[in-house]
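Got your viewer open? Get ready to click along, one stop after another.

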Amino acid sequence: MTKLNLEWLKRAGRRALKTVAQTFIATIGTSVVMSEINWQIVLSASLVAGILSLATSLAGLPELEKEL
């Protein structure tokens with residue numbers, strides 16, 4: 001694996017992890033009380049958000065392109 005590919009993977013992964021965390025928190029926030037949280041929806045929405053974040057990163061990571 002080249003240095004560029006490894007750097008892209010680290011940055012895209014970090015970005016995806018942040019997106020997953022944000023989606024997780026936002027989805028929980030839509031419930032009025034903790035007992036009403038549908039954990040299956042929270043987890044699946046968070047996972048899909050992470051996958052979409054990685055897919056978006058395939059188009060390019062602006063912060064990485066500045067360094068090239």
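Before the first click, a word on what counts as a helix: helices (H or I, at least four residues) and strands (E, at least two) are DSSP runs, numbered from the N terminus. What you have on screen is a predicted model, where local features need pLDDT of at least 70 and side-chain atom pairs count only at pLDDT 80 or more, while totals for chains, interfaces and linings use all residues. Residues are numbered from 1 along each chain as its sequence is written, and side-chain values use heavy atoms, with hydrogens and water left out.

**Stop 1: a glycine in a loop**

Select Gly60. You'll find Gly60 in the loop between helix 2 and helix 3 (62–67). Is Gly60 buried or partly exposed? Here's the scale: buried means under 20% relative accessible area, exposed means over 50%, and partly exposed is in between (1.4 Å probe, protein chains only). Gly60 has a relative accessible area of 23%, so it is partly exposed. Now add Val42 to your selection and draw a distance from C-alpha to C-alpha: Val42 and Gly60 sit 28 Å apart in space, with their positions 18 residues apart in sequence.

**Stop 2: next door, Leu61**

Click on Leu61, which also belongs to the loop between helix 2 and helix 3. Leu61 has a relative accessible area of just 2%, so this one is buried. What does Leu61 touch? Contact means heavy atoms within 4.5 Å. Setting aside neighbours within four places in sequence, Leu61 is in contact with Trp8, Arg11, Ala12 and Arg15. For another distance, try Gly50: its C-alpha atom is 15 Å from that of Leu61, and the two are 11 residues apart along the chain.

**Stop 3: Arg15**

Follow one of those contacts to Arg15, which is in helix 1. With a relative accessible area of 31%, Arg15 is partly exposed. Show its surroundings, and skip neighbours within four places in sequence: Arg15 is in contact with Ser53, Ser57, Leu61, Pro62 and Glu63. Ser44 is 29 residues from Arg15 along the chain, and their C-alpha atoms are separated by 18 Å.

**Stop 4: the whole of helix 1**

Now select residues 3–29, which make up helix 1. How far apart are its end C-alpha atoms? The expected span of a helix is 1.5 Å times one less than its number of residues. For the 27 residues of helix 1 that gives 39 Å, and the end C-alpha atoms are 39 Å apart, which agrees.

Zoom in on the start of helix 1, where a side-chain oxygen of Thr2 comes within 3.2 Å of the backbone nitrogen of Asn5. Then colour the buried residues of helix 1: Arg11, Ala12, Ala16, Thr23, Thr27 and Ile28.

**Stop 5: the charged trio**

Show the side chains of Glu7, Lys10 and Arg11, which are linked in a network of salt bridges. A salt bridge is a side-chain nitrogen of Lys or Arg within 4 Å of a carboxyl oxygen of Asp or Glu. By that rule the count is two salt bridges. One joins Glu7 and Lys10 (3.8 Å, N to O), and another joins Arg11 and Glu7 (2.7 Å, N to O).

Look at the spacing, too. Glu7 and Lys10 are three residues apart in helix 1, so about one helical turn separates them. Arg11 and Glu7 are four residues apart in helix 1, about one turn of the helix. An α-helix has 3.6 residues a turn, so residues three or four places apart point the same way.

How covered is each member? Glu7 is partly exposed because its relative accessible area is 23%. Lys10 is partly exposed at 47%, whereas Arg11 is buried at 16%.

**Stop 6: where helix 1 meets helix 2**

Select Thr27 in helix 1. Thr27 is buried, with a relative accessible area of 17%. Not counting residues up to four places away in sequence, Thr27 touches Ile41, Val42 and Ala45.

Then jump to Ser46 in helix 2. Ser46 is buried, with a relative accessible area of 4%. Leaving out residues up to four places away in sequence, Ser46 touches Val20, Thr23 and Phe24.

**Last stop: Trp39**

Finish on Trp39, which is in helix 2 (residues 39–57). Trp39 counts as partly exposed because its relative accessibility is 40%.

Definitions and conventions:
Polar contact = N/O pair within 3.5 Å; in protein donor to acceptor, adjacent residues only side chain to side chain.
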